[in-house]
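The exercises below are meant to be worked through with the sequence and the model side by side. Try each task before reading the solution that follows.

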Amino acid sequence: MVFGLRIKNILFILLGAAIFSFGIVHFNMQNNLGEGGFTGITLILYFAFHWDPAITNIILNVPVLFIGWKFLGRNTFLYTIIGTFAVSLFLSLFQINPFPINLENDMTLAALFAGVFIGVGLGIVFRYGGTTGGVDIIARIVHKYIGWSMGKTMFLFDFIVIATSVFTILQLEQGMYTLVAVYVGARVIDFIQEGAYSARGATIISAKSDAIAAKIMNTMDRGVTVLDGRGSFTGEKRDVLYCVVGRNEIVKLKNIINGIDPHAFVAVSSVHDVVGEGFTLDENKNPIHH
C-alpha cells in the first residue's frame, strides 16, 4: 500500500495508460484519425497547431481533476492523477521513439487497431479504479450516479468531439473511420469492465425438475437454484431451475436436460463477470469451491 493505494492497481493503471498512449500515437496520430473526449480535443490541437498532446492533456485536465476530487473521493482521485500524468508521460515517450506502422493504405485496419488499443487501455484503467481524466471522469460520475455504462457515456461525448473534428481539421472519410474506432473502443471498454469471462445462465422449467437438478449437480458439479413458479394460463405450480455454467459447458447442460425431459422449456442467456463458488479463481487459476 502507498498512501492507501494498492500497488497492483497502480501498476495496472500504468499499463493501461501505456497501451492507450501507444494506440493514440501509433494509430491515431500516424493515420490522421481523431478521437473523442478530451483526447480528441488534444488531437484537434495537434493536427491544427502541432501542439504536443502530452502537454495539452495536462492543461485540459486540471479543472476536471478538481471535479473529480469532489465527486470521486480520495483514492479514485489519486488513481486519476496517476492515470492522467501517466498518459502524458507515455504520449511523450512514444513520440520520441515511435514505431513505424504504415496503415495509411488500409484505414479500416488502422481504425480497428486504434479502437482496440484505446479500449483495452482505458478498460484496464477503469477496472482498477482509475481514470485518465477528462471525459473519463465524467463517464465514471455518470456510471456511479445514473448507471450508464462508461462506454455508452463516452460514446455520446466522443460523437460531439468527432463532429467538431470533421468540421475543423478532418476530412469526412477520416471522421467516419474515427467513429468506427471510437465505437470499437467503447465496446472493448464494456467487455473489460463486465469481465472477460462470459458464462451462460439457463432457466429450466420441467415436470422432472428434481431429476434434472440432481443430474446437473452430480455430473457437472454446478449448483442449481430452485424457484417457485406458476403458469399464468393453467395456474399450475411448478419448480423453476436456474443454473449458471461456463460457456463451454452449455452443450453438456442441454444434453442432460434433453436426456431427462425432451419437452423441458429452456431459456439460455449470457452472463458477464461471474464471481462466487465455482467461478472465482484462486491463485492457481482454479475455481474456488467451498
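**Exercise 1.** Does Ile 204 count as buried or exposed? Work out its setting as well, bearing in mind that this is a predicted model.

*Solution.* Begin by locating the residue: Ile 204 belongs to strand S1, which covers residues 198-205. Next, take its relative accessibility, which is 0%. Since buried means under 20% relative accessible area, Ile 204 counts as buried. Then list what surrounds Ile 204: leaving out residues up to four places away in sequence, it touches Ile 212, Ile 216, Asp 239, Val 240, Leu 241, Ile 257, Phe 265 and Val 266. Finally, look along the chain to Ala 267, which is 63 residues apart from Ile 204, although the two C-alpha atoms are separated by 6.7 Å.

**Exercise 2.** Describe the overall make-up of the protein, starting from its helices and strands.

*Solution.* First count the elements, which come to 9 helices and 4 strands. Then read their order from the N terminus, which is α-α-α-α-α-α-α-β-α-β-β-α-β. For the burial of the chain, note that 46% of the 290 residues are buried. As a last step, consider contacts between residues at least 6 apart in sequence, of which 72% join residues at least 24 apart.

**Exercise 3.** Determine how helix H1 is oriented with respect to helix H4, and which residues make the contact.

*Solution.* Start with the two axes: those of H1 (residues 7-29) and H4 (residues 107-127) come within 7 Å and cross at roughly 160°. That angle makes H1 roughly antiparallel to H4, because angles over 145 degrees count as roughly antiparallel. The crossing in which H1 passes H4 is left-handed. Turning to the residues, the H1 side of the contact includes Phe 12, Gly 16, Phe 20 and Phe 27, while the H4 side includes Ala 110, Phe 113, Phe 117 and Gly 121. Sorted by character, the residues of this contact divide into 18 nonpolar and 4 polar, with no charged residue.

**Exercise 4.** Carry out the analysis for H1 and helix H2, then examine the loop between H1 and H2.

*Solution.* The axes of H1 and H2 (residues 37-49) come within 12 Å and cross at roughly 40°. H1 and H2 are therefore oblique to each other, and their crossing is right-handed. In the contact, Phe 20, Ile 24, Asn 28 and Met 29 of H1 meet Thr 39, Leu 43, Tyr 46 and Phe 47 of H2. The residues of the contact of H1 with H2 divide into 6 nonpolar and 2 polar, again with no charged residue. In the loop between H1 and H2 lies Asn 32, whose phi is near 55°, a positive value in a residue other than glycine. With a relative accessibility of 34%, Asn 32 counts as partly exposed.

**Exercise 5.** Trace the chain from the loop before strand S2 through the hairpin that S2 forms with strand S3.

*Solution.* Begin with Asp 221, which lies in the loop between helix H8 (209-220) and S2. Its phi is near 60°, a positive value in a residue other than glycine, and at 51% relative accessibility Asp 221 counts as exposed. Next come the strands themselves, for S2 (residues 225-230) and S3 (residues 237-246) pair in the antiparallel sense over 6 bridges. Two positions help in following the pairing: Val 226 stands opposite Leu 241 in S3, and Arg 230 stands opposite Lys 237 in S3. The hairpin of S2 and S3 has 6 residues between the strands, and in the turn Gly 235 has a positive phi of about 75°.

**Exercise 6.** Find where Thr 178 sits and what surrounds it.

*Solution.* Thr 178 has its place in helix H7, which spans residues 172-194. Its relative accessible area is 0%, and Thr 178 is accordingly buried. Once neighbours within four places in sequence are set aside, the contacts of Thr 178 are with Leu 33, Gly 34, Glu 35, Ile 162 and Leu 170.

Key
Residues are numbered from 1 along each chain as its sequence is written. This is a predicted model: local features need pLDDT of at least 70, side-chain atom pairs count only at pLDDT 80 or more; totals for chains, interfaces and linings use all residues. Side-chain values use heavy atoms; hydrogens and water are left out. Axes are lines fitted to C-alpha atoms, for helices over the stretch in contact, and angles run from 0 to 180 degrees between N-to-C directions. Angles under 35 degrees count as roughly parallel, over 145 as roughly antiparallel, 65 to 115 as roughly perpendicular and the rest as oblique. A crossing is left-handed if the near helix is turned anticlockwise from the far one by less than a right angle, and right-handed if clockwise. Contact means heavy atoms within 4.5 Å. Ala, Val, Leu, Ile, Met, Phe, Trp, Tyr, Cys and Pro count as nonpolar, Asp, Glu, Lys and Arg as charged, and the others, Gly among them, as polar. Two strands pair if DSSP finds at least two bridges between them. Buried means under 20% relative accessible area, exposed over 50%, partly exposed in between (1.4 Å probe, protein chains only).
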